[in-house]
Amino acid sequence: YMYYGNAAATIASSGTNTFIFFDDFEGASDLSKFTIAGATVSRVNTQSDNGSWSMSMVRTTGAISATATYTTTTAPTIVEYSVRPGQTNHLWEMQVINSASTIGPRMRFNNAAAVQRFSGGAWGALSTPTSYSANTWYRFSLNNVSVSTDTYNIYIGGALKNSSTAFASGLANVGKIKFLGPSTNGSTLFVDVVKIRLYAASIPS
């Protein structure tokens, strides 16, 4: 049964209990789901794509990265995240990797205001060339990340930009997502609503 009208009822929804991995940096969330390298990575309420909070990455000196580990899987998945670059002339990268840190899907904002993917041993433009602007949120969905074919499809803002994109390297499984920054001091990136879920060719009815 479903009842309504109880103003004291609490919200029972849970992204963590629904997805393989989920972090929207809201509520009591901190950065405990991420392994941080370098400074300065923090949780802030100055920018967000959904809700009030996001993860801020500001490159001050040395390498900077934030890596989240989730349950290793060989099943096809969908990897989703929102990112907001602070500049168009700095490099920011996203990787899906395995436990040995071998890279499968590999995406980046390059230093010439373009979104690129790494496959075939080199960085290249998307099939639908895509530029980006500073201080704008972009929602990425890496659809059907498959270790059986070592390919995935790239959606940005709900639009297909590149299909059957080859992994940077072949993987037997996936279990980590990593955001990493450039060698340029002052570079900034905000990250929000990171989630990994199982892929289905069609929505169950």
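# Reading cavities, pockets and salt bridges

Modeller: Let's begin with an empty spot: the largest cavity in this structure holds about 80 Å³ of space. This is a predicted model, where local features need pLDDT of at least 70, side-chain atom pairs count only at pLDDT 80 or more, and totals for chains, interfaces and linings use all residues. Residues are numbered from 1 along each chain as its sequence is written, and side-chain values use heavy atoms, with hydrogens and water left out.

Biologist: How do I read a cavity, and how many of 30 Å³ or more are there?

Modeller: Rolling a probe the size of a water molecule over the atoms shows where empty space is left. On a 1 Å grid over the protein atoms alone, a cavity is a set of points where a 1.4 Å probe fits but cannot get out; a pocket is an open set with protein on both sides within 12 Å along at least five of seven lines; lining residues have an atom within 4 Å of a point. Points join across faces, edges and corners, and the volume is the space filled by probe spheres set on them. Here, one cavity reaches 30 Å³ or more.

Biologist: Which residues line the largest cavity?

Modeller: Among them are Tyr-81, Val-83, Trp-92, Met-94, Phe-109, Phe-140 and Leu-189, along with Glu-93 and Arg-108. Strands β4, β5 (92-97) and β6 (103-109) each give two or more residues to that lining; strands are DSSP runs of E, at least two residues, numbered from the N terminus. By class, the cavity lining has nine nonpolar, no polar and two charged residues. For the classes, Ala, Val, Leu, Ile, Met, Phe, Trp, Tyr, Cys and Pro are nonpolar, Asp, Glu, Lys and Arg are charged, and the others, Gly among them, are polar.

Biologist: And the largest pocket: how much space lies in it?

Modeller: About 230 Å³. The largest pocket is lined by 15 residues, and Glu-80, Ser-82, Arg-139, Val-193 and Lys-195 lie nearest its centre. Strands β4, β9 and β13 each supply at least two of the lining residues. The pocket lining splits into five nonpolar, five polar and five charged residues.

Biologist: Some of those are charged. How many salt bridges does the structure hold?

Modeller: Side chains of opposite charge can pair when their charged atoms come close. The cut-off is a side-chain nitrogen of Lys or Arg within 4 Å of a carboxyl oxygen of Asp or Glu, and the structure holds four salt bridges. One of them joins Arg-139 to Asp-49, with the closest N and O atoms 2.7 Å apart. Arg-139 is in strand β9 (residues 138-146) and Asp-49 in the loop between β2 (34-44) and β3 (54-73), so this pair ties together parts 90 residues apart in sequence.

Biologist: Which residues are linked with Glu-80 in a network of salt bridges?

Modeller: Lys-195 and Arg-197. Lys-195 pairs with Glu-80 at 3.8 Å between the closest N and O atoms. That pair links strand β13 (residues 188-198), home of Lys-195, to strand β4 (residues 77-85), home of Glu-80, 115 residues apart. Glu-80 also meets Arg-197, at 3.3 Å from N to O. Since Glu-80 is in β4 and Arg-197 in β13, this second pair ties together parts 117 residues apart in sequence.

Biologist: Is Glu-80 buried or exposed?

Modeller: Buried means under 20% relative accessible area, exposed over 50%, and partly exposed in between (1.4 Å probe, protein chains only). Glu-80 is buried at 15%, Arg-197 is partly exposed at 29%, and Arg-139 is partly exposed at 47%.

Biologist: Where is Ser-187 found, and what does its side chain make a polar contact with?

Modeller: Ser-187 is in the loop between β12 (174-180) and β13, and counts as buried at 0% relative accessibility. A polar contact is a pair of N or O atoms within 3.5 Å; within protein, one must be able to donate a hydrogen and the other to accept it, and residues adjacent in sequence count only if both atoms are side-chain atoms. The Ser-187 side chain has one with the side chain of His-90, at 2.5 Å.

Biologist: Last one: what is Tyr-155 in contact with?

Modeller: Contact means heavy atoms within 4.5 Å. Leaving aside neighbours within four places in sequence, Tyr-155 is in contact with residues including Arg-139, Phe-140 and Lys-161. Tyr-155 sits in strand β10 (residues 151-156) and is partly exposed at 25%.

Terms used: Helices (H or I, at least four residues) and strands (E, at least two) are DSSP runs, numbered from the N terminus.
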